[in-house]
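Welcome! Please have a look at the structure below, and then we will go through some of its side-chain contacts together.

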Amino acid sequence: MILIEVFAPVGVLDPARHQGVGKRLIDALMGTEDAHAEAVMDSARALTQVLIHEPAAWITGDRHPVDPADPPRYLIRVSAPAPWRKEMSAHAIDRLTQALAETEEEAGRDPDRLRDQPHALVQVVGVQEGSLGLYGRPMGSLDLIQQMTAPHRDTIARLPTDDLPPGTVIDPVCGMTVDLNTTDLTLAVEGTLHGFCNGQCRRIFADEHEVPLTA
């Protein structure tokens with residue numbers, strides 16, 4: 001589960017466009033490059049939520065209250081399982097800033113200022129393992145990946161591989177294309193070498209096939 005919280009001064013984000021802003025932020029966070037299988041991405045989106053906050057008071061470090069007319073400040077806070085935080089930060093900060101810039105441009109304001117001035121703070125917060133829950137029980141990061149991918153494993157196993165670049169395979173857990181020449185996240189099962197996009201996908205696959213991991 002991923003929670004995106006947007007904080008902006010009252011009146012900056014047109015209420016009629018809140019749904020569009022939320023969708024834009026989710027699309028930006030999920031990205032399109034090196035994507036997992038489409039069905040897995042749909043499951044990830046279903047577990048992602050956006051909340052838009054308009055604080056009654058917003059004071060900056062220079063002790064002046066924020067004025068929506070002088071151009072608005074933003075804070076985006078992304079909460080996700082702690083093991084995902086570092087990898088997510090590598091792309092989330094840039095993509096979410098760009099999504100805000102597009103929103104600013106739609107509103108007739110200068111989008112470039114979000115990269116030229118410190119007007120958009122993006123904070124990626126890692127939630128401690130066991131502190132997220134679904135279905136009335138704690139869900140760790142591995143549990144969430146299983147939740148998102150398990151219903152789609154048969155579809156992933158049938159994905160066409162004829163057009164894959166040489167030396168690449170499809171991660172059997174999430175459907176991402178993996179370059180065997182640049183990763184050591186592999187596992188041989190029944191004579192087939194599998195590659196994985198991250199260690200958690202590898203762990204899930206190993207556990208399900210009762211293959212011990214030495215590293």
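Arg-24 and Glu-106 meet in a salt bridge, and their closest N and O atoms are 2.8 Å apart. Arg-24 belongs to helix 1 (residues 18-30) while Glu-106 belongs to helix 3 (residues 85-106), so this pair ties together parts that are 82 residues apart in sequence. Please keep in mind that this is a predicted model.

**More on this salt bridge**

- How accessible is Arg-24? Its relative accessibility is 22%, so Arg-24 counts as partly exposed.
- Glu-106 also has its own value: at 47% relative accessibility, Glu-106 counts as partly exposed.

**Other salt bridges**

- How many salt bridges are counted in the model? The count comes to ten.
- Glu-104 is a good residue to find next, as its side chain meets that of Arg-109 in a salt bridge, with 2.7 Å from N to O.
- Glu-104 also forms a salt bridge with Arg-113, and here the N to O distance is 2.3 Å.
- Is Glu-104 buried or exposed? Glu-104 has a relative accessible area of 0%, so it is buried.
- Arg-113 has a relative accessible area of 3%, which is under the 20% cut-off, so Arg-113 is buried.
- Arg-109 has a relative accessibility of 25%, so Arg-109 counts as partly exposed.
- Which residues are linked in a network of salt bridges? Lys-23, Asp-27 and Arg-45 are linked in this way.

**A patch of charge on the surface**

- Turn to the surface and you can find a patch of negative charge, where Glu-105, Asp-110, Asp-112 and Asp-116 gather.
- One of these residues, Asp-116, is found in helix 4, which covers residues 113-116.
- Asp-116 has a relative accessibility of 62%, and the cut-off for exposed is over 50%, so Asp-116 counts as exposed.

**An aromatic pair**

- The count of aromatic pairs comes to one.
- Why is this pair called tilted? The ring centres of Phe-196 and Phe-205 are 5.4 Å apart and the ring planes stand at 50°, so the pair is tilted.
- That angle of 50° is neither under 30 degrees, as needed for stacked, nor over 60, as needed for edge-to-face.
- Phe-196 has 1% relative accessibility, so Phe-196 counts as buried.
- Its partner Phe-205 is buried too, with a relative accessible area of 7%.

Conventions. Residues are numbered from 1 along each chain as its sequence is written. This is a predicted model: local features need pLDDT of at least 70, side-chain atom pairs count only at pLDDT 80 or more; totals for chains, interfaces and linings use all residues. Side-chain values use heavy atoms; hydrogens and water are left out. Rings of Phe, Tyr and Trp (its six-membered ring) pair if their centres lie within 6.5 Å; planes under 30 degrees apart count as stacked, over 60 as edge-to-face and the rest as tilted. Buried means under 20% relative accessible area, exposed over 50%, partly exposed in between (1.4 Å probe, protein chains only). Patches are made of residues with over 30% relative accessible area and no salt bridge: like charges are joined within 9 Å, nonpolar side chains (Val, Leu, Ile, Met, Phe, Trp, Tyr) within 5 Å. Accessible areas come from the Shrake-Rupley method with a 1.4 Å probe; for residues, only the protein chains shown count as cover. A salt bridge is a side-chain nitrogen of Lys or Arg within 4 Å of a carboxyl oxygen of Asp or Glu. Lys and Arg count as positive and Asp and Glu as negative; His and the chain ends are not counted. The place of a charge is taken as NZ of Lys, CZ of Arg, CG of Asp or CD of Glu. Helices (H or I, at least four residues) and strands (E, at least two) are DSSP runs, numbered from the N terminus.
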